Amino acid sequence: MTETSGVCRIRKAAVVQTIAHISVRCEGVAGVLAVDASAAVRVSEILNGEVRLAGRESVELTVSSDGGLKKVGGWAEVSDRAEVEGIDPRTRAFAVCRVTDTDIVSVSGDNISLASVVEITVMTEETSVVPPVPAPSDGIYTNGESVRFSRLSARISGRVESGECERLPVTEVVCCNAGFASDVSEAALDAVFVSGRFVLDGVGKTAEGNLTPFTAEIPVSCEIPAEGVRRGDVVYLRTGAVGVSESRSENGVTLSASVELSGEAYCEFSAAVVTDAFSPTHELELERTDVDGMLVRGSYSLTDRTEGSVELPEGDNADKITAVTGARITALTAYAENGKAVIEGAAACCVVYSDAEAGRRGSCNAELPFRITTDIDAADGETPMTDGCVVSVSARPARRGEITVSCTICFKVLSAADVHVSPVTAVKSAAEKPDRTGVLSMHSAFGGETLWECSKSLSVSPDEVLAQNRGLEFPLSKGEKVFVFRSAGR
């Protein structure tokens with residue numbers, strides 16, 4: 001290898017949590033039944049040792065009022081900072097986030113105050129350089145190998161938009177839970193092909209003022225431009241918040257959806273490196289350079305379900321489920337166990353129900369923990385990169401004072417192994433070795449000894465070991481004898 005090669009990969013650099021405060025105006029509000037919150041955050045500035053973050057959180061509320069149930073919304077700016085060791089203005093970084101929790105602080109007059117916890121993860125591009133192989137030198141023997149790495153081909157960012165669903169028999173959408181289930185994304189030439197489906201579950205009002213549930217699935221396929229991507233690259237995409245737009249007419253309402261996707265594409269390459277060197281006549285001083293990279297095994301998409309129950313406030317009972325909204329992943333992590341990737345976390349949602357005995361509607365928050373052992377290979381100590389989103393959610397009354405909730409979750413997993421090598425970058429001759437006076441050298445092998453290790457122990461070239469010991473098979477068995485004849489003083 002005569003030119004240097006950059007091994008660029010994406011690494012998690014920091015995780016911070018910030019509080020976003022939102023105030024929403026709503027005339028005649030009597031209470032808030034459900035909250036659906038999402039956020040988008042970007043890196044606004046990079047300083048020495050610090051990343052500054054800015055973005056926006058949006059909320060949609062299902063509220064009860066004098067006119068019954070209705071939907072209102074609002075937004076607030078989000079800002080924070082994260083300390084990242086070693087970062088400077090030359091570093092390339094970006095941020096991903098999720099809203100993990102939202103509390104209703106107060107409902108006073110026509111004003112609703114909320115506070116959300118936004119978890120922000122700062123990701124950086126980390127580059128190591130694979131150095132060129134040192135130039136050959138007379139009397140110096142080197143051992144090398146070919147090391148496989150994966151290199152970042154491109155950062156990917158794009159918006160996927162659906163067409164319109166079939167017209168719904170409602171005049172107004174009160175709330176809508178939106179999810180996106182994507183298939184494995186495929187790399188094309190300077191583009192990424194994405195396919196999947198939007199799942200929209202909600203409740204609307206009919207012309208007569210009655211509440212009715214609806215479900216709509218909208219398939220989608222499109223290409224996202226991604227300069228630098230080539231066919232055969234491994235693509236890993238994260239799913240952002242799903243946005244829903246509605247179009248009304250006298251015949252009903254149609255919905256369309258969109259989602260922001262972001263991620264990376266990786267290609268594989270091999271680099272020749274020198275791992276060791278020796279000289280029969282001189283001691284050598286070896287300079288080494290650490291190279292840290294990764295080898296991507298593959299990108300995977302999988303869907304699973306989690307189910308659990310939630311107890312209602314004391315004295316409440318759910319006769320009928322009105323709506324389920326605000327479904328989200330509140331915690332997500334992945335690790336290796338027994339050679340496979342394990343995904344752990346929790347999904348949450350808000351359930352609106354009617355209590356006929358009390359003559360009112362109520363709501364409760366449900367949190368469903370999950371632990372999924374996948375078939376994805378992962379060695380102990382590895383941390384697969386993972387993203388997840390709730391595609392759909394359903395609820396049903398169980399025994400008195402309890403509701404059963406079920407979520408379908410779509411996960412994306414990038415399986416990769418860390419690669420660390422310390423290749424020789426320079427070889428310098430030092431003190432001369434004492435002259436050999438013997439004509440015959442004998443070496444007794446340790447178990448599993450390679451040709452290179454045997455040659456270095458005898459201080460002769462690998463070719464000479466093979467020429468004088470025909471029939472040797474490497475690796476050698478323990479105690480196997482290797483002989484080398486040499487002229488005096490050599």
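Between which two elements does the loop that holds P475 lie? In this predicted model, P475 sits in the loop between α2 (462–468) and β23 (481–485), and the peptide bond that joins F474 to P475 is cis, with an omega of about 5 degrees.

From this loop the description can move back along the chain to α1 (451–458), where W452, C454, S455 and L458 are buried. These four residues cover an arc of only 165 degrees around the axis, which puts them on the same side of α1. An α-helix has 3.6 residues a turn, so residues three or four places apart point the same way. The partners against which the buried residues of α1 pack are β7 (141–161), β13 (252–278), β22 (440–444), α2 and β23.

Just after α1 comes S459, which takes a positive phi of about 60 degrees although S459 is not a glycine. S459 belongs to the loop between α1 and α2, and with a relative accessibility of 4% S459 counts as buried, because the cut-off for that class is under 20%. N338 likewise has a positive phi, here of about 55 degrees, without being a glycine, and this residue is found in the loop between β16 (320–337) and β17 (340–355). The surroundings of N338 can be put beside those of S459: N338 counts as exposed, at 72% relative accessibility, whereas S459 is buried at 4%.

Attention now turns to the N-terminal strands. An open sheet is formed by three strands in the order β2-β3-β4, with antiparallel pairing. Because β2 (29–47) and β4 (68–83) stand at the edges and each has a single partner strand, one side of each is left without a neighbour in the sheet. Neighbouring strands of this sheet are turned against each other by 15 degrees on average, direction ignored. Strand β3, which covers residues 50–65, is joined to β4 by 16 bridges, and the two run antiparallel; one of the residues involved is R56, whose bridge partner in β4 is E77.

The strands of this sheet also contribute to the largest nonpolar core, which has 33 residues and in which V24, L53, L61, V63 and I112 have the most contacts. Two or more residues of this core come from each of β1 (5–25), β2, β3, β4, β5 (93–108) and β6 (111–130), and the largest share, eight residues, is given by β2. V63 shows how such contacts are distributed: leaving aside residues up to four places away in sequence, V63 touches C26, V29, G31, V32, L33, G68, L69, K70, V72 and I112. Apart from the largest core lies another core, of 31 residues, and L312, I372, A378 and V393 are among them.

The loop between β4 and β5 holds D88, and this residue raises a question of its own: is D88 buried or exposed? With a relative accessible area of 17%, D88 is buried, because this value falls under the 20% cut-off. The side chain of D88 reaches the backbone nitrogen of R90 at 2.8 Å, while the residues that D88 touches, not counting those up to four places away in sequence, are I46, L47 and N48.

Notes:
Residues are numbered from 1 along each chain as its sequence is written. This is a predicted model: local features need pLDDT of at least 70, side-chain atom pairs count only at pLDDT 80 or more; totals for chains, interfaces and linings use all residues. Side-chain values use heavy atoms; hydrogens and water are left out. Two strands pair if DSSP finds at least two bridges between them. Axes are lines fitted to C-alpha atoms, for helices over the stretch in contact, and angles run from 0 to 180 degrees between N-to-C directions. A nonpolar core is a set of buried Ala, Val, Leu, Ile, Met, Phe, Trp, Tyr and Cys residues joined through side-chain atoms within 4.5 Å. Buried means under 20% relative accessible area, exposed over 50%, partly exposed in between (1.4 Å probe, protein chains only). Contact means heavy atoms within 4.5 Å. A polar contact is a pair of N or O atoms within 3.5 Å; within protein, one must be able to donate a hydrogen and the other to accept it, and residues adjacent in sequence count only if both atoms are side-chain atoms. The arc is that of the directions from the helix axis to the C-beta atoms.
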